[in-house]
Amino acid sequence: EAFLKDDLETAYSFAASGIKARYPDKQAFFAMIRKSYGPVYHPGNYAFGRSRATEDGRLVVQELMISGQDGKNWKAFYKLSRETDGQYKIEGVMMVPDLVSKGI
């Protein structure tokens, strides 16, 4: 929702420390998202799918099904890691075209 509102501060607050180290400038981070993750940045529709955690709970993978504004369907897999303060933050996102989507 932060991306839908172009809320740079909130979007950046969800990034894990490793992402923030790579993109210490919030504007550069936001530009990378807009360029590389268009369907995530401004989806047409989206729905959360399955999630799976490691036994120790340090890592969670969350599936997100997205219909891009161009009508193409995607699956985004968010890798969330537990930071030292106990909060889960986004460590990375892998996007794959959803070629067999039955809609969301």
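A residue counts as buried when its relative accessible area is under 20%, as exposed when that area is over 50%, and as partly exposed in between. With these classes in hand, the predicted model can be explored. Tyr 23 makes a good starting point: its relative accessibility is 24%, so Tyr 23 falls in the partly exposed class.

Tyr 23 has an aromatic partner in Phe 29, and the two rings meet edge-to-face, 6.5 Å from centre to centre with 65° between their planes. The partner sits in another class, because Phe 29 has a relative accessibility of 5% and is therefore buried. This pair belongs to a wider set, as the structure holds six aromatic pairs. Another of them joins Phe 3 and Phe 30, whose ring centres are 5.9 Å apart and whose planes stand at 40°, so this pair is tilted. Its members come from distant parts of the chain: Phe 3 belongs to the segment before helix 1 (8-13), whereas Phe 30 is found in helix 3 (residues 26-36), and 27 residues separate them. Phe 3 and Phe 30 are both buried. Ring pairs also bring in Tyr 41, giving a cluster of Phe 3, Phe 30 and Tyr 41.

The segment before helix 1 also contains Leu 4. Here the surroundings are more open to view: Leu 4 has a relative accessible area of 41% and so is partly exposed. Together with Tyr 46 and Phe 48, Leu 4 forms a nonpolar patch on the surface, and the accessible area of the three adds up to about 320 Å².

Attention now turns to charged residues. Side chains of opposite charge can pair when their charged atoms come close. Across the whole structure, five salt bridges are found. One of them brings together the side chains of Lys 26 and Glu 9, at 2.8 Å from N to O. Lys 26 is part of helix 3 and Glu 9 part of helix 1, so this bridge ties together parts that lie 17 residues apart in sequence. Both ends fall in the partly exposed class, because the relative accessible area is 29% for Lys 26 and 48% for Glu 9.

A further salt bridge joins Asp 56 to Arg 58, with an N to O distance of 3.8 Å. Asp 56 is partly exposed at 46% relative accessible area, while Arg 58 reaches 57% and is exposed. Elsewhere, a network of salt bridges links Arg 50, Glu 63 and Lys 75.

Lys 79 and Glu 91 form a salt bridge of their own, 3.1 Å from N to O. Since Lys 79 lies in strand 3 and Glu 91 in strand 4 (residues 88-97), the bridge ties together parts 12 residues apart in sequence. Lys 79 is partly exposed, with 35% relative accessibility, and Glu 91 is partly exposed too, with a relative accessible area of 33%.

Glu 91 has a second role in this account, since its side chain makes a polar contact of 2.8 Å with the side chain of Ser 81. Is Ser 81 buried or exposed? With a relative accessible area of 9%, Ser 81 is buried. Ser 81 is placed in strand 3, which spans residues 73-82. Beyond its neighbours within four places in sequence, Ser 81 is in contact with Ala 16, Arg 58, Gln 87, Tyr 88, Lys 89 and Glu 91. Two of these names are familiar from the salt bridges: Arg 58, the partner of Asp 56, and Glu 91, the partner of Lys 79.

How values were computed:
Residues are numbered from 1 along each chain as its sequence is written. This is a predicted model: local features need pLDDT of at least 70, side-chain atom pairs count only at pLDDT 80 or more; totals for chains, interfaces and linings use all residues. Side-chain values use heavy atoms; hydrogens and water are left out. Helices (H or I, at least four residues) and strands (E, at least two) are DSSP runs, numbered from the N terminus. Buried means under 20% relative accessible area, exposed over 50%, partly exposed in between (1.4 Å probe, protein chains only). A polar contact is a pair of N or O atoms within 3.5 Å; within protein, one must be able to donate a hydrogen and the other to accept it, and residues adjacent in sequence count only if both atoms are side-chain atoms. Contact means heavy atoms within 4.5 Å. Rings of Phe, Tyr and Trp (its six-membered ring) pair if their centres lie within 6.5 Å; planes under 30 degrees apart count as stacked, over 60 as edge-to-face and the rest as tilted. Patches are made of residues with over 30% relative accessible area and no salt bridge: like charges are joined within 9 Å, nonpolar side chains (Val, Leu, Ile, Met, Phe, Trp, Tyr) within 5 Å. Accessible areas come from the Shrake-Rupley method with a 1.4 Å probe; for residues, only the protein chains shown count as cover. A salt bridge is a side-chain nitrogen of Lys or Arg within 4 Å of a carboxyl oxygen of Asp or Glu.
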